[in-house]
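Reader: I would like to learn how to read a protein structure feature by feature. Could you take me through one?

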Amino acid sequence: MTGTLLSSENMCAGYRREVLHNISVGFSGGEITSIIGPNGSGKSTLLKALIGIVPKSGGSILVGGTPIEKLSAAAVARRVAYLPQSKKIPELSVMTMVLHGRFAHLSYPRRYRREDIVAAERALGMTGLSELAGESISTLSGGTQQRVFLAMALAQDSPVILMDEPTSFMDISHRIKLMELCRELADSGRAVVSVLHDLPMALKYSDKTMVLSEGTLRAVGSPEEVFRSGILDIVFGIKLKRTETETGLLYYY
């Protein structure tokens, strides 16, 4: 595991009102972190605040050990890739869209170099999209479009990847492949952070779990530590259970 690549200390943030209250988090290379919580708990706002899209009203954010205020937007993007929840579908080819992930690495005027093409091709291969490079994004299924945006984030080649509901529109096989890819990325030294609504999947694949409720961080720990705390039953209003299987613990409700 490498050191902390992105962190906040007592961060408060929100657009017109404060949504996040005194959030202290840290994301290290080599870890998959899942952020879970009920609808409206501030999960998406947290990701946006960590990269400066949502303004903070208090506390601090460090990107690679540097206060975010001292970094340009391009410098932040070189260190942190962000896959948003909602996206506009442009009339572009898959390859052109994925190359957009290289913008933070280019100087003006933007001209793609061989290394940018290689990074985009590698990202397409990792997401199983190589054969669709020339296709228009608008003609693809929702799940495949989601993989295109994931490839764009991967092409950014940043040490931290923030993903908001990355499994949206994906069938179960592609969800599993995505989480296995997240494992590979973490094992290569990246910090992988995902907002997930699929609670059993989040607990199965994460190294660390963060529980948000009403803009407050309620728990941080390994999936088993969070399960044992009982906080998930409280914030979700469910009775979460688990059982031992051949592939490890399986959480269900």
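Author: What follows is a short tour of cores, rings, cysteines and backbone angles. Please keep in mind that this is a predicted model.

Reader: Let's begin with the interior. Which residues of the largest nonpolar core touch the most other members?

Author: The general idea is that in soluble globular proteins, nonpolar side chains tend to be buried together. Here the largest nonpolar core has 30 residues, and Val 98 and Val 148 touch the most other members. Two or more residues each come from helix 3 (94-99), helix 4 (114-126), helix 5 (142-155), strand 7 (160-164) and helix 6 (172-187). Helix 5 gives the largest share, seven residues.

Reader: What does Val 98 touch, apart from residues up to four places away in sequence?

Author: Val 98 touches Ala 120, Ala 123, Leu 124, Val 148, Ala 151, Met 152 and Ala 155. There is also a second, separate core of 29 residues, and its members include Leu 47, Tyr 82, Val 160 and Leu 212.

Reader: Leu 47 is a name I would like to place. How many of the eight residues in helix 1 are buried?

Author: Six of them are, so helix 1 (residues 43-50) is mostly covered. The buried ones are Lys 43, Thr 45, Leu 46, Leu 47, Ala 49 and Leu 50. Notice that this list holds a lysine and a threonine, Lys 43 and Thr 45.

Reader: Are polar residues elsewhere, such as Gln 145 in helix 5, buried or exposed?

Author: Gln 145 counts as buried because its relative accessible area is 13%, and the cut-off for buried is under 20%. For a buried polar side chain, a good next step is to look for a partner. A polar atom of the Gln 145 side chain lies 3.2 Å from the backbone oxygen of Leu 140. Beyond its neighbours within four places in sequence, Gln 145 is in contact with Ile 89, Ile 137, Ser 138 and Leu 140.

Reader: And what surrounds Ser 7, leaving aside its neighbours within four places in sequence?

Author: Ser 7 lies in strand 1 (residues 4-13) and is in contact with Val 25, Gly 26, Ser 60, Ile 61 and Leu 62. With a relative accessible area of 15%, Ser 7 is buried. Sequence separation and distance in space are separate readings: Ser 7 and Val 54 are 47 residues apart in sequence and 15 Å apart in space, C-alpha to C-alpha.

Reader: Now the rings. How many aromatic pairs does a search of the whole structure find?

Author: The search finds two. Phe 103 and Tyr 112 form a stacked pair, 6.4 Å centre to centre with 20° between the planes; the pair counts as stacked because planes under 30 degrees apart do. Phe 103 is partly exposed, at 26% relative accessibility, and Tyr 112 is partly exposed too, at 36%. The other pair, Phe 227 and Tyr 251, is edge-to-face, 5.5 Å centre to centre with 65° between the planes. This pair links distant parts of the chain, with Phe 227 in helix 8 (residues 223-229) and Tyr 251 in strand 12 (residues 248-252), 24 residues apart. Both Phe 227 and Tyr 251 are buried.

Reader: Which rings have a charged lysine end sitting over them?

Author: The charged end of Lys 87 sits over the ring of Phe 149, 5.5 Å from its centre. Likewise, the charged end of Lys 204 sits over the ring of Tyr 205, at 5.6 Å from the ring centre.

Reader: As someone who runs gels, I must ask about cysteines. How many disulfides does the search find?

Author: A disulfide is a covalent bond between the sulfur atoms of two cysteines. The search of the whole structure finds zero. As for accessibility, Cys 12 is buried at 11%, and Cys 182 is buried at 1%.

Reader: One last feature. Which residues other than glycine have a positive phi?

Author: Most residues other than glycine have a negative phi. Asn 22, in strand 2 (residues 20-28), has a positive phi near 50°. Asp 157 also has a positive phi, of about 55°, and lies in the loop between helix 5 and strand 7. With a relative accessible area of 37%, Asp 157 is partly exposed. There is a glycine example as well: Gly 52, just after helix 1, takes a positive phi of about 90°.

Definitions and conventions: Residues numbered from 1 in each chain as written. Predicted model: local features only at pLDDT ≥ 70, side-chain atom pairs only at ≥ 80, totals over all residues. Heavy atoms only, no water. Helix = DSSP H or I, 4+ residues; strand = E, 2+ residues; numbered from the N terminus. Buried < 20%, exposed > 50% of the residue type's maximum accessible area, 1.4 Å probe, protein only. Contact = heavy atoms within 4.5 Å. Phe/Tyr/Trp six-rings, centres within 6.5 Å; stacked < 30°, edge-to-face > 60°. Lys NZ or Arg CZ within 6 Å of the ring centre and 35° of its normal. Disulfide = S-S within 2.5 Å. Core = buried A, V, L, I, M, F, W, Y, C linked by side-chain atoms within 4.5 Å. Polar contact = N/O pair within 3.5 Å; in protein donor to acceptor, adjacent residues only side chain to side chain.
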